[in-house]
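Let's take a look at how the chains here fit together, and at what a database record adds. Have the model open as you read.

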Amino acid sequence: MSTGIKDHAALSDIFNQDEARVDWHDETLWFVRAKRDKAANTLSEWEALRENASQIKDHVLSNLHDYLSEFESNAQKNGITIHWAADALEHNQIVHEILKAKEITRMVKSKSMLTEECHLNEYLQKNGIEVIDTDLGERIVQLAEEPPSHIVLPCIHKKKEEIGELFHEHLGTPKGASDPQLLTAAARVHLREKFLTRRAAITGVNFAIAETGEFVVCTNEGNADMGAHLSEVHIACMGIEKIIPKRANLSVFLRLLARSATGQPITTYSSHFRRPREGQEMHLILVDNGRTQQLGRADFRNALKCIRCGACMNTCPVYRRSGGHSYHTAIAGPIGAILAPNLDMKQYADLPFASTLCGSCTNVCPVKINIHEQLYKWRQVIVKEGYADPKKAIAMKAMEFTLSNPSVYRNAGKAGRWVMKNIPFLVNNKLNAWYNQRDMPTPPQQSFREWYKKNNNE
Amino acid sequence: MSSREEILARVKKNQPPLTVLPADLTALIQYPNPMEMFGIVLDGIGGTMYPVKDYEEMIGLIKTQFSNLPRVISTIPELKELTEKNWEGQDPHSYENVDVAIIEAHFGVAENAALWFTESLMGQRVIPFICQQLVVVVHKKDILSNMQEAYQQIADSSYGFGAFIAGPSKTADIEQSLVLGAHGPKNMTVFVLA
Amino acid sequence: MTVGLFIPCYIDQFYPNAAIATLKLLQKLGVKVSYPLQQTCCGQPMANSGFEHLTTGCNELFIDNFAEFDYIVSPSGSCVLHIKDHLHSEGQPEKAKTVRKKVYELTEFLTDILKVEKLTARFPHKVGVHQSCHGQRGLMMSQMTELVAPPFSKPLQLLNMVKDLELVALSRPDECCGFGGTFCVAEEAVSVKMGKDRIADHVNHGAQYITAADMSCLMHMEGILKRQNSQVKVLHIAEILNAEEFNAEI
């Protein structure tokens with residue numbers, strides 16, 4: 001990430017320097033949340049579906065070893081070559097080896113958050129392999145040399161005029177053109193040429209079915225299918241948590257996924273890959289990269305139930321007003337904030353604090369991950385592991401001392417004085433982050449305690 | 001130890017005690033007229049439904065809507081006279097200039113206007129994705145209410161590739177503005193045979 | 001029935017009127033209320049900052065102060081939720097458990113325990129209700145817009161009993177105001193922006209007062225309103241539910 005040492009608060013500060021843009025970002029994502037609500041409300045069984053999906057995923061995590069083995073053996077019977085990668089580097093090396101063996105130096109890739117997490121593009125480019133992202137949003141951020149800011153809507157932070165400028169520069173669209181219809185048409189022509197000329201295609205995996213050894217890829221654009229069905233080599237990359245037991249379980253997940261993500265009743269394409277096309281090689285890479293460690297953290301393991309719908313981002317009032325890049329990790333928003341510390345607690349120590357714990361994320365989550373409770377729990381772990389700001393630790397200890405001792409608290413002063421001095425957000429000076437943009441409460445004549453003692457009418 | 005063994009060993013060590021796989025849900029949404037709901041939902045996602053009484057009526061509509069297009073292909077025997085002969089079995093890239101592909105679906109689903117295809121109905125896997133316009137034929141009796149019914153229908157059928165397709169290829173990646181025809185078909189017409 | 005009144009530290013120090021209204025309202029409804037003088041804080045400011053391990057003193061103090069009562073009532077959904085979810089004690093775990101069970105936020109105590117059906121209050125103003133997240137999503141004081149479930153609202157049920165009060169509808173009825181404890185200073189930019197947006201929703205719909213069952217959200221919004229020189233005021237829901245004819249113009 002190119003965000004240097006800036007944390008979520010500092011990056012949000014920069015994002016908030018253009019308030020009109022924050023409003024636009026917030027409204028755009030709220031619009032998606034509103035569509036999600038509407039879609040959810042078309043099904044009276046919505047909450048039952050969430051509960052069912054949650055229980056299926058719980059069950060998978062509790063039996064993951066056997067399901068992975070079952071999936072592997074069934075997929076192999078279907079003619080799919082299975083690879084295992086312990087971490088991001090091994091994943092990237094496997095992809096590279098497959099391409100090398102076929103002497104392929106140019107390829108197309110449809111959306112896969114796993115490959116973002118593994119920084120596959122950078123790795124392959126360093127090794128002389130050209131990767132073209134074919135999801136429109138991902139192609140846009142790729143041209144802009146930025147990471148995606150949202151797992152479902154990769155370029156949601158970009159305005160159409162900026163995209164028009166990029167396309168003018170890279171795809172030769174007319175200067176000043178910013179009509180989404182026109183820009184998308186230009187991308188269609190540009191990317192169709194890539195699909196027709198690239199011999200290898202990478203896709204992500206939304207669901208892998210233990211019982212049948214098949215995997216399902218969901219897109220709206222059809223880019224995964226264009227890539228896969230025109231390629232000699234199809235490489236599918238998945239985290240080990242994407243397994244589901246039975247094909248019939250898809251009915252639950254496909255009903256939830258798109259409704260939660262964008263408010264569509266289902267994605268345009270839900271493609272079930274079971275066997276390679278005649279003459280085609282099909283590879284599937286099962287990636288750990290910290291997942292088994294997360295599985296061992298009892299308080300945090302159920303973050304692995306995530307189906308990457310992005311609903312928690314769309315509903316998050318902080319995400320909407322700070323932008324995806326402020327999370328400085330591949331997966332932004334509330335879910336990213338509970339996944340990232342597992343991989344690197346120090347680097348992502350700020351993320352669990354980038355929340356008011358309002359709980360909206362937990363309520364929209366189609367697999368009922370207790371996101372806001374995990375944010376709270378990560379805070380405790382991060383502080384205990386020593387990644388909190390030392391100044392904050394001192395302030396907290398001082399606060400603890402006073403609040404544990406009624407006489408100290410009482411003697412700390414008249415109404416407002418103790419709170420003003422000690423509650424960290426209420427110190428009245430110009431350097432104070434409360435006072436910059438908010439007035440202080442006016443200290444009253446007397447505290448409630450003082451009033452009560454005088455007027456105690458018991 | 002290989003990564004495979006290492007990962008599986010760590011999973012075994014770290015996975016929580018076994019919980020049960022929940023029973024399938026019951027009492028799911030049912031529409032009194034699935035075809036009608038299918039049409040409403042399809043319209044909402046950018047497709048168009050035409051109920052037709054027979055192939056003759058369908059052929060008439062196809063002729064008026066898709067005339068003058070050089071490359072029309074189909075896997076449906078009843079439509080042979082309208083479409084290109086011997087197109088199957090070529091290199092998938094060669095279908096890049098297909099204007100219209102007409103294929104049959106196993107069934108449709110009212111709740112989301114998705115239609116289920118396996119590769120045996122596609123001719124080649126790439127066909128429904130690479131064509132400029134997609135036309136689908138489905139029987140009215142094969143329009144189900146919900147996805148649970150859909151997977152009951154699919155059951156353990158053994159396909160190499162299968163897909164639910166719901167409407168034309170689309171994107172809203174640019175400022176959430178919906179654009180049809182991102183990579184694949186720019187529109188989708190569904191004929192529902194009585 | 002004995003009720004222990006738990007007044008969070010910042011309400012004690014800055015918003016005594018909210019506490020007084022809570023006490024008077026409960027007394028008016030015939031409840032015998034005591035305010036233990038040794039109380040300080042629920043410990044939430046530390047816990048939400050990741051320092052839950054420093055809350056032992058607060059926990060023990062809370063149990064000592066409140067274990068004896070049949071019910072513990074507080075005009076703060078957030079503090080009540082913290083007690084409910086996180087109060088624990090190694091020395092007296094059973095007491096901690098019973099305290100967690102008998103702590104109530106004011107409005108839920110009024111609707112669920114006292115089953116209040118009418119109030120004498122009058123408040124002839126346009127009021128916007130801010131659904132504080134911890135009360136709403138944590139204590140489930142009202143239905144959440146994310147869920148597919150029948151609507152209800154304990155605060156609204158009570159406000160509807162107030163004479164001449166006009167509720168204003170909001171575009172986003174349950175979005176967070178951005179206070180979030182130390183979040184409000186640690187993440188100043190986003191916190192303030194959230195507060196401004198929440199206020200704008202109320203103001204644009206004609207609210208003269210913004211009320212809530214949590215004073216902390218209101219303190220945050222009041223800070224912004226005052227900086228904007230707005231005429232719109234914040235008022236704890238207890239003050240409205242206890243509003244009398246004569247002091248209706250607060």
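## A strand pairing across chains

A good place to start is A:H272, which sits opposite B:G162, a residue of strand 8 of chain B. Keep in mind that this is a predicted model. The pairing around that spot involves strand 9 of chain A (residues 269-273) and strand 8 of chain B (residues 161-165). The two run antiparallel and are joined by five bridges.

## The A–B interface

Zooming out, 93 residues of chain A and 70 residues of chain B take part in the contact. Together the two chains bury about 6800 Å², with 58% of that area coming from carbon and sulfur atoms. On the chain A side, the residues that lose the most area to chain B are A:H65, A:R188 and A:R247, which together make up 10% of what that side buries.

What about polar links? Between chain A and chain B there are six salt bridges. One salt bridge pairs B:E111 with A:R255, and their closest N and O atoms are 2.7 Å apart. There are also 47 residue pairs in polar contact between the two chains, counting pairs with both residues at pLDDT 80 or more. As for make-up, the side of chain A that touches chain B has 42 nonpolar, 27 polar and 24 charged residues.

## Over to chain C

For chain C, an unreviewed UniProt entry lists "domain: Cysteine-rich" at residues 3-84 and 127-221. In the model, residues 3-84 of chain C are 51% helix and 12% strand, with the end C-alpha atoms 17 Å apart. For residues 127-221 of chain C, the figures are 42% helix and 9% strand, and the end C-alpha atoms lie 14 Å apart.

Key: Residues numbered from 1 in each chain as written. Chains lettered and ligands numbered in written order. Predicted model: local features only at pLDDT ≥ 70, side-chain atom pairs only at ≥ 80, totals over all residues. Heavy atoms only, no water. Contact = heavy atoms within 4.5 Å. Buried area = accessible area lost by both parts, 1.4 Å probe. Salt bridge = Lys/Arg side-chain N within 4 Å of Asp/Glu carboxyl O. Polar contact = N/O pair within 3.5 Å; in protein donor to acceptor, adjacent residues only side chain to side chain. Nonpolar A, V, L, I, M, F, W, Y, C, P; charged D, E, K, R; others polar. Pairing = 2+ DSSP bridges. Helix = DSSP H or I, 4+ residues; strand = E, 2+ residues; numbered from the N terminus. UniProt positions renumbered as here; feature names shortened; annotations may be inferred.
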